[in-house]
Amino acid sequence: MTDNHSQNQPKLNKIGFDNLLEDIFGLNIRALKTIGVMFRKPVDYFKAARTPEWEDKYTPSFRVWFGIMAILVALNFIYNNDKSAMTAAYQGMVEQLATQFEHAHNAANVKNGQPPDIIDVDIDKAAIDMGKWAMVYYPFAYIPFMALAGIFVRFWGRSLTYVTRLRYLFAVTIPGVAFMFVSTFLVLVVSARYFLWLTAVMFLIVVALDFITSYRGPFRDMPRSKRQLRSAALTTILLFVYLFGSMAATFPAMIKTVGDNITVNGEPLKRGNET
């Protein structure tokens, strides 16, 4: 009876590091294999995207994309400090915003017959906070634009449901975000002088990876001219998605971080006094 009872007990599998990655970031060994196939033979991944369970071989594209973005956000809180090139790049923006706020605020005071106030801002802390919060907001600002693109991008060469089109769009971006993850460590060593150049080069490489993935993946079976044209069109659309997503993330980050670090006559800024 004891033997029968033990046979009826569920078998416990060993929980390892792969499960920890899944718990934290939604990434596991299968996800890493998914990223690998996107560089080696992306057409296989796009074929799997047309099946409900991804052929039981691959991790869904959105999960891979969001998992990498979650790691990038976590790393951003680590390497973005007062000595980082990213912080130096944001300092000029913070100074400009603080100056604009001071002019607008005191202009309103003069108009109301009040004396000008002393406006001060912690430039370094605001720049650090802006870089961090812009990265936190970016995935959530990016998703609505991808969802919108999924409605209108229909030139895949076959009839696809809306969900499958979304799978395709996020899949195309996987090599680019994987490259961002690897290259983001350069921020630790590059000087502020070359930060903008590095960012521009990284962005161009991401765009190139989007084109190559499109060409080798969803459009692979088309004639060369159509592959090139549609890959270029999709890359252009994704370029606008990146730009609009970045602006949508940066704007609230600016409002929050500059507002949090401004003082008026030595007192923290009251939200109702923002101009």
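Modeller: A polar contact, as used here for a predicted model, is a pair of N or O atoms within 3.5 Å, where one must be able to donate a hydrogen and the other to accept it.

Colleague: Which residue does the side chain of Thr164 join in a polar contact?

Modeller: Thr164 has its place in helix H8, residues 162–183. The cut-off for a polar contact is 3.5 Å. At 2.9 Å, such a contact joins the side chain of Thr164 to that of Thr161.

Colleague: Is Thr164 buried or exposed?

Modeller: Beyond its neighbours within four places in sequence, Thr164 is in contact with Ala49 and Arg50. Its relative accessibility is 12%. Buried means under 20%, so at 12% Thr164 counts as buried.

Colleague: What span should H8 have at 1.5 Å a residue?

Modeller: H8 has 22 residues. The expected span is 1.5 Å times one less than the number of residues. The end C-alpha atoms of H8 agree with the expected value, which is 32 Å.

Colleague: Where does H8 bend?

Modeller: The bend in H8 is about 40 degrees. A proline, Pro175, follows within four residues of the bend, which is at Ile174.

Colleague: How many residues of H8 are buried?

Modeller: H8 has 22 residues and is mostly covered. The count of buried residues in H8 is 16.

Colleague: Which element gives the largest share of the largest nonpolar core?

Modeller: The largest nonpolar core has 43 residues, and those with the most contacts inside it are Tyr45, Tyr142, Trp156, Leu169 and Leu234. Two or more residues come from each of helix H3 (29–40), helix H4 (42–48), helix H5 (61–79), helix H7 (123–152), H8 and helix H10 (224–261). The largest share, 9 residues, comes from H8.

Colleague: How many residues does the other core have?

Modeller: This core lies apart from the largest one. Tyr90, Phe101, Met130 and Met254 are among its residues, which number 26.

Colleague: Which residues of H8 does Tyr45 touch?

Modeller: Tyr45 is one of the residues with the most contacts inside the largest core. Leaving aside neighbours within four places in sequence, its contacts include Thr34, Val37, Met38, Trp54 and Tyr58. H8 covers residues 162–183, and the contacts of Tyr45 there are Ala171 and Ile174.

Colleague: Where does helix H6 bend?

Modeller: Helix H6 (residues 85–111) has 27 residues and reaches 40 Å from its first C-alpha to its last, close to the 39 Å expected. H6 bends by about 25 degrees, and the bend is at Gln91.

Colleague: Which strands do the buried residues of H6 pack against?

Modeller: The buried residues of H6 include Tyr90, Val94, Phe101 and His105. They pack against the helices H5, H7 and H9 (192–216). The strands they pack against are S1 (119–121) and S2 (262–264).

Colleague: What phi does Gly113 take?

Modeller: Gly113 comes just after H6. Its phi is positive, at about 75 degrees.

Colleague: Which residue in S2 stands opposite Ile119?

Modeller: The open sheet has 3 strands in the order S1-S2-S3, with antiparallel pairing. Its edge strands are S1 and strand S3 (267–268). S1 and S2 pair over 3 bridges, and opposite Ile119 stands Val264.

Colleague: Which residue has its backbone nitrogen 3.2 Å from a polar atom of the side chain of Ser231?

Modeller: Ser231 lies in helix H10 and is buried, with a relative accessible area of 0%. Not counting residues up to four places away in sequence, Ser231 touches Phe211, Ser214, Tyr215, Phe219 and Lys226. The backbone nitrogen at 3.2 Å belongs to Tyr215.

Colleague: What is the C-alpha to C-alpha separation of Ile29 and Thr59?

Modeller: Ile29 lies in helix H3 and is partly exposed, with a relative accessible area of 39%. Ile29 and Thr59 are 30 residues apart in sequence. In space, C-alpha to C-alpha, they are apart by 9.4 Å.

Colleague: Among contacts between residues at least 6 apart in sequence, what percentage join residues at least 24 apart?

Modeller: The protein has 10 helices and 3 strands, in the pattern α-α-α-α-α-α-β-α-α-α-α-β-β. Of its 275 residues, 43% count as buried. Among contacts between residues at least 6 apart, the part that joins residues at least 24 apart is 73%.

Notes: Residues numbered from 1 in each chain as written. Predicted model: local features only at pLDDT ≥ 70, side-chain atom pairs only at ≥ 80, totals over all residues. Heavy atoms only, no water. Buried < 20%, exposed > 50% of the residue type's maximum accessible area, 1.4 Å probe, protein only. Contact = heavy atoms within 4.5 Å. Core = buried A, V, L, I, M, F, W, Y, C linked by side-chain atoms within 4.5 Å. Bend = angle between axes of the 7 residues up to and from the residue. Pairing = 2+ DSSP bridges.
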